[in-house]
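This note sets out some points for a colleague who is meeting the structure for the first time. Please read the points with the sequence and the model side by side.

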Amino acid sequence: MGRTARRRRQRATCTSLRPMAVGRPCTDLTWTKFRSWCKEQGLPKTRLTLAYFPDTFRGMMATRDIGPGEDVVRIPERLLITASKAKRAMLARAAAGKTTQPDRWDLSEHQSLTYWVYAEAELQARSKWHGYISSLPRDFASIPLFVLSGRSPSGTIDMDSSGCVQWVIAHLPHALRQRVSEQQARLFGDWSLTCSFSAAFGLQPVSNWRLYVWSWLVVSTRCIHLGRQSSSARHTQTTGASCLRDAHSISSQDNITLAPMLDLLNHNEHASISTLFDADSREFVIKTDVPFKAGQEVFISYGPHDNLFLLAEYGFVLGRNPFQHLELDHAADLWVTAAKARMQGLRRVAPACPASIGTLVDMLKQRGLWGDFALLPGDTEPPYRLQSALRLLLAVEQQGIPLKRAVAQWERWRRGEPEGAESGALDLATSNWVRAACQGLLSVSARMLDDTGNMGHKALGGLGDGGPSAFLVHCIHTVWLEINTIAACHCS
């Protein structure tokens, strides 16, 4: 992964921040109420306002020029919502209700914040945080997990007869579907633990699955890291008892936080910012390293992520993502299964047998060389991890080299030593494997592009439950277009 990650970072740094469109200030009632709430809570006046933009729909616009090194936004400590503060709020509520105080807090930061959002959302207008909670998205219809998580608690993604659900499942790339399945398992685990914990100590019960899913995604999509480790010396004194002066103080154990106003900033892969917690003013501060003109959208960066990650975690994709790559893990798994079946069908006992393939895969896993087979658009040869796996497996499966000799030859290749007469044949076999895998993905992606491209609003509505959102369909289409483009580059 190290070499691949470095190449992705190098690719990303070659592009500068593109010119931004001028936004149209937002005047809707929800935003107006939220601004009034922020003012009541003492949020310092910012150089930002919510606006509509042609590319990102809605984001934060600079109301005047912001120069490099200047503050983008400052959020007072009392408005930061961290796990320690959520815990204190929930315990205070339990004490007011004269329930038993738990002798331990078993919830993680993410679980604690999800529980807090859930509890405040249930209170509705009775919550002092209602101004913030009501400003959050009503749903997360462009995030696959929100669509597939079902109407009742489950550790697996919803596989019911809903046409909308079936369409989304059928059109997600395998890597994305696998990621969503892992999210669902974590979501259900968090739900189960929170239900048990709240019931054991008589805390506010958790019973509404769909509200919990929404709360979980609020935390997943809108939390930011406090970033104290990158602050200067005079801004790092945030540990110890001084941080716990009152109910509004954050703890030295807090790593993530919800931050009203700040979570309206959209992502741009080229944004350059720095974050710190100012121990003197007790504020979380974001500074920009690049200038923004009045009227431009102000961005932060969520990190160097490809579109599969962005769609699964945040519900959007980038049209030109510098971190795009083609995942071949699933193609490798399918090939291993097929190779075992071929060898079994040939009843080949020597020099290799189906068990040999499994043995080699296990060896690659033990050495950390199985998986994360990422093929970049500009690659002129298969990346090291993929070459390493293929040269070993193809030596046995296609070249018929005995297992021990294949491993010894492979070790010489890894050390850069001469391999022997089979070296050229393995180079060709590896290239042919990559080409065949890309041709398969090219065929699948062409079919998916046809489906998603022709899916109009009328057809979506006919799938039941209103169908998947048009934006989710657009995102899935963009991901398949990316797969198709990269696969085509490596088929010639």
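1. Which residue of strand 3 is the bridge partner of Thr49? The partner is Met61. The model is a predicted one, and this pairing is a convenient place to begin reading it. Strand 2, made of residues 48-53, runs antiparallel to strand 3, and six bridges join the two.

2. The wider setting of that pair is an open sheet. Three strands form the sheet, their order is 1-2-3, and the pairing is antiparallel. Strand 1 (24-25) and strand 3 (57-62) are the edge strands, each pairing on one side only.

3. The next points concern enclosed space. Rolling a probe the size of a water molecule over the atoms shows where empty space is left. Two cavities of 30 Å³ or more are counted in the model. The largest cavity has a volume of about 40 Å³, and the second largest has a volume of about 30 Å³.

4. The largest cavity is lined by Ala332, Trp335, Val336, Trp370, Phe373, Leu386, Ala389, Leu390, Leu393 and Trp433. By class, this lining has 10 nonpolar residues, with no polar and no charged ones. Helix 11 (329-345) and helix 13 (384-397) each supply at least two residues of the lining. Helix 13 gives the most, with four residues.

5. Around the second largest cavity, the lining consists of Arg391, Leu392, Ala395, Ala406, Gln409, Trp410, Glu419 and Leu426. Two or more of these residues come from helix 13, and two or more from helix 14 (403-414). Here the classes are mixed: five residues are nonpolar, one is polar and two are charged. The reader may wish to set this against the lining of the largest cavity, which has no polar and no charged residues.

6. Turning from cavities to pockets, the second largest pocket has a volume of about 930 Å³. It is lined by 42 residues, of which Ala175, Leu308, Glu327, Asp329 and His330 are the closest to its centre. By class, the lining divides into 23 nonpolar, seven polar and 12 charged residues.

7. Which elements supply at least two residues each to the lining of the second largest pocket? They are helix 1 (2-12), helix 8 (174-200), helix 10 (307-314), strand 12 (326-327), helix 11, helix 15 (423-453) and helix 17 (470-489). Helix 15 gives the most to this lining, with seven residues. Helix 11 also supplies at least two residues of the lining of the largest cavity.

8. The last point concerns cysteines. A disulfide is a covalent bond between the sulfur atoms of two cysteines. The count of disulfides in the model comes to zero. Why is the sulfur of Cys438 not bonded to the closest cysteine sulfur, in Cys491? The two sulfur atoms are 5.3 Å apart, which is too far for a bond, because a disulfide requires them to be within 2.5 Å. Cys491 is likewise in no disulfide, the nearest cysteine sulfur being that of Cys438.

9. Are these two cysteines buried or exposed? Cys438 has 0% relative accessibility and so counts as buried. Cys491 is also buried, with a relative accessible area of 15%, since the cut-off for buried is under 20%.

Technical notes
Residues numbered from 1 in each chain as written. Predicted model: local features only at pLDDT ≥ 70, side-chain atom pairs only at ≥ 80, totals over all residues. Heavy atoms only, no water. Pairing = 2+ DSSP bridges. 1 Å grid on protein atoms, 1.4 Å probe; cavity = no way out; pocket = protein on both sides within 12 Å on 5 of 7 lines; lining within 4 Å. Points joined across faces, edges and corners; volume = space filled by probe spheres on them. Nonpolar A, V, L, I, M, F, W, Y, C, P; charged D, E, K, R; others polar. Buried < 20%, exposed > 50% of the residue type's maximum accessible area, 1.4 Å probe, protein only.
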